[in-house]
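Reader: I'd like a close look at one part of this model, with its surroundings filled in as you go. Keep it informal, and spell out your cut-offs.

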Amino acid sequence: MTHAQGWLRAIPESFCPTALGDIDRTLQAIRAEHDVAIPLAIESGSRAWGFPSLDSDYDCRFIFIRPTAQYLSLWPVRDVIEVPLTQELDINGWDLAKAVRLLLKGNVAVMEWLSSPIIYGADATFRARFLALAHRVCNRTLVARHYLHLGEKQYDRHCGMQVHDLRIKKLFYALRPAIALRWLRLHPACNVVPMHFPSLLGECELEPATVGIIDDLIRAKAQTRETRLIAMPEPLEWLMAHEFALAHETFDHLSPEVPADAMAEADEFFRAQLGGK
């Protein structure tokens, strides 16, 4: 990771220079066209999770801040900026106000963006303060329910009826939320799940044989295309079902309300950031 006057950048050497240049130019064009600041731009998806394929695209996500006057307008503009998809690039971002609101609702995307190991550019102070806010105000129950909904949805859509004809990419889409739920269960005082999947595995007290199966799949995914088909490994099928069931038992009966002091702190953080734009 490089630091230049409080600006962070962390790019793997394996990244395609052409794709990286296109992302940097696109972000600069967005700043100019929309008159926004972009204090955080990171890689999301399989590359940042730590299990890319040979043909994985680049999923750049960013948080932007508009001029203060636009937040006071009677006619607010969209809180999302999207760039047309290409075969290699998927670039879009959220307004800071949207990101903060969704953070309090347990949307894990914002938490993952803040802890992504791949950074196209970030204001170090903004990132640190936003991540600290997440640790203080995120509701564990809402976070768990988000992962549970995501995991069960992916499992039902891609795994449930295709155990002998399963795309390796889709298996990880269901497995990762299950492992996140296990991490939350084993770390009852924590609410922000590690984004990097191999690091997450290392904190989940899994059987060595299970870890070996997952590691083999990560290596296989890195050496092939995302359409590769596999059979569902029985230990992973059991693991996902087990963690989803335990999550229902642990979190279904808990109150998901966001306390007023958390909303007040989120408001204070948001207003403090507007001074920079």
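**Cysteines, a strand and some helices**

Author: Cysteine 159 is buried, at a relative accessible area of 0%. Here "buried" means under 20% relative accessible area, "exposed" means over 50% and "partly exposed" is in between, using a 1.4 Å probe and protein chains only. Before going on, note that this is a predicted model, so local features need pLDDT of at least 70 and side-chain atom pairs count only at pLDDT 80 or more, while totals for chains, interfaces and linings use all residues. Residues are numbered from 1 along each chain as its sequence is written, and side-chain values use heavy atoms, leaving out hydrogens and water.

Does that cysteine have a partner, or what keeps it single? Its closest cysteine sulfur belongs to cysteine 204, and at 18 Å that is too far for a bond. A disulfide would need two cysteine sulfur atoms within 2.5 Å, and a search of the whole structure turns up zero of them. Cysteine 16 is in a similar spot: the closest cysteine sulfur, in cysteine 60, is 15 Å away, again too far for a bond. Cysteine 16 has 25% relative accessibility, so it counts as partly exposed.

Cysteine 60 brings us to strand E4, the part I'd zoom in on. Helices (H or I, at least four residues) and strands (E, at least two) are DSSP runs numbered from the N terminus. Strand E4 covers residues 58–65, and eight of its eight residues are buried, so the rest of the structure largely encloses it. In a regular strand, side chains alternate between the two faces of the sheet. You can follow that here: Tyr58, Cys60, Phe62 and Phe64 point one way from E4, Asp59, Arg61, Ile63 and Ile65 point the other way, and all are buried.

Now for the neighbours of E4. Two strands count as paired if DSSP finds at least two bridges between them. Strand E3 (residues 37–44) pairs with E4 in the antiparallel sense over six bridges, with alanine 41 bridging to phenylalanine 62 in E4. Strand E6 (residues 89–95) pairs with E4 in the parallel sense over seven bridges, and aspartate 59 stands opposite aspartate 90 of E6.

Just ahead of E3, in the loop between H1 and E3, is aspartate 35. Its phi is positive, near 55°, though it isn't a glycine. Most residues other than glycine have a negative phi. At a relative accessible area of 38%, aspartate 35 is partly exposed. Another one to click on is glutamate 205, with a positive phi of about 50°. Glutamate 205 sits in the loop between helix H9 (197–201) and helix H10 (208–222) and is exposed, at 62% relative accessible area.

Aromatic rings are worth a look too. Rings of Phe, Tyr and Trp (its six-membered ring) pair if their centres lie within 6.5 Å; planes under 30 degrees apart are stacked, over 60 edge-to-face, and the rest tilted. The whole structure has 13 such pairs. One of them, phenylalanine 15 with tyrosine 120, is tilted, at 6.4 Å centre to centre and 45° between the planes. This pair links distant parts of the chain, 105 residues apart: phenylalanine 15 is in the loop between strand E2 (7–10) and helix H1 (17–34), and tyrosine 120 is in strand E7 (residues 119–123). Both residues are buried. Elsewhere, Trp49, Phe51, Phe172, Tyr173 and Phe197 make up one aromatic cluster.

At the last residue of E7 you meet helix H6: aspartate 123 caps its N-terminal end, with a side-chain oxygen 3.0 Å from the backbone nitrogen of threonine 125. A polar contact here is a pair of N or O atoms within 3.5 Å; within protein, one must be able to donate a hydrogen and the other to accept it, and residues adjacent in sequence count only if both atoms are side-chain atoms. In H6, the buried residues are Phe126, Arg127, Phe130, Leu131, Leu133, Ala134 and Val137. Viewed down the axis, they fall within an arc of 155°, so they line one face of H6. That arc is taken from the directions from the helix axis to the C-beta atoms. Turned away from that buried side are the exposed residues Arg129 and Arg136.
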